[in-house]
Structure formats: C-alpha cells, structure tokens
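Let's take a walk through this structure together. Keep the sequence and the 3D view side by side as you read.

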Amino acid sequence: MIFFDPERIQGAAAIGTEAGEPYYEPNVIMLPALSGTAVEAAVEKLARNGEFDWLLGPSRTEQQN
C-alpha cells in the first residue's frame, strides 16, 4: 500500500505524466495529511469496512460454489 496526501500525489502524478504517460499507482490510499497516527487510523477503518477482504482470497462459501 502507498499512502499519499494531496500535495505528494500531485507531485508524483506530475513527474509520472511529464513524458506523456498515464499515471497509475496500485493500492493507493489518499489521506488529508500523512502521519503515523493518520495511517494507522485509516487502515483500521478500511479494514473494519471490509476494504481489504479481497486480499484474503475467496471465502470457503465461495470456494464450495
């Protein structure tokens, strides 16, 4: 996972697109500001909401179907 704040992603996208190429970053999480506390809170909230469930693979119920 990569964590960006708006300023940093803007800079990364600008550098990435200078050559006319599209900017793509898998597993990007945008936060209003970066800090250890903010990253931990975001990961905990996203995990509670099931946003990372796809990382666990198919459930046993899905495998039986």
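A good place to start is asparagine 27, which touches Met1, Ile2 and Trp54 once residues up to four places away in sequence are set aside. Bear in mind as you look that this is a predicted model. Asparagine 27 sits in the loop that joins helix H1 (6-17) to strand S2 (28-30). Although asparagine 27 and methionine 1 are 26 residues apart in sequence, their C-alpha atoms are 5.0 Å apart in space. Is asparagine 27 buried, partly exposed or exposed? Its relative accessible area is 39%, so asparagine 27 counts as partly exposed, given that this class runs from 20% to 50%.

Two of the partners of asparagine 27, Met1 and Trp54, lead us on to a feature of the surface. Met1, Trp54 and Leu55 form a nonpolar patch there, and together they offer about 360 Å² of accessible area. Leucine 55 belongs to the loop between helix H2 (36-48) and helix H3 (60-64).

Now step back to the whole chain. It has three helices and two strands, and in sequence order they follow the pattern β-α-β-α-α. Among contacts with a separation of 6 or more, 60% are between residues 24 or more positions apart. Of the 65 residues, 11% count as buried. The accessible surface of the chain is about 5300 Å², and carbon and sulfur atoms account for 54% of that.

Next, find aspartate 5, in the loop between strand S1 (2-4) and H1. Aspartate 5 is buried but has no salt bridge. How far away is the nearest side chain of opposite charge? That side chain belongs to arginine 8, and the distance is 4.2 Å; a salt bridge needs the charged atoms within 4 Å, so this pair does not qualify. Beyond its neighbours within four places in sequence, aspartate 5 is in contact with Met30, Leu31, Pro32, Ala33 and Leu34.

One of those partners, alanine 33, is worth a visit too. Alanine 33 lies in the loop between S2 and H2. With a relative accessibility of 45%, alanine 33 counts as partly exposed. Its contacts, leaving aside neighbours within four places in sequence, are Asp5 and Ala38. Alanine 33 and arginine 8 are 25 residues apart in sequence, and their C-alpha atoms are 9.7 Å apart.

From that loop the chain runs on into H2, where a quick check of geometry is possible. At 1.5 Å a residue, the 13 residues of H2 should span 18 Å, and the end C-alpha atoms are indeed 18 Å apart, so expectation and model agree. Just after H2, glycine 50 adopts a positive phi of about 80 degrees.

Conventions
Residues numbered from 1 in each chain as written. Predicted model: local features only at pLDDT ≥ 70, side-chain atom pairs only at ≥ 80, totals over all residues. Heavy atoms only, no water. Patch = residues over 30% accessible without salt bridge, like charges linked within 9 Å, V, L, I, M, F, W, Y side chains within 5 Å. Areas by Shrake-Rupley, 256 points an atom, 1.4 Å probe, with all protein chains shown as cover. Helix = DSSP H or I, 4+ residues; strand = E, 2+ residues; numbered from the N terminus. Expected span 1.5 Å × (residues − 1). Buried < 20%, exposed > 50% of the residue type's maximum accessible area, 1.4 Å probe, protein only. Contact = heavy atoms within 4.5 Å. Lys, Arg positive; Asp, Glu negative; His and termini not counted.
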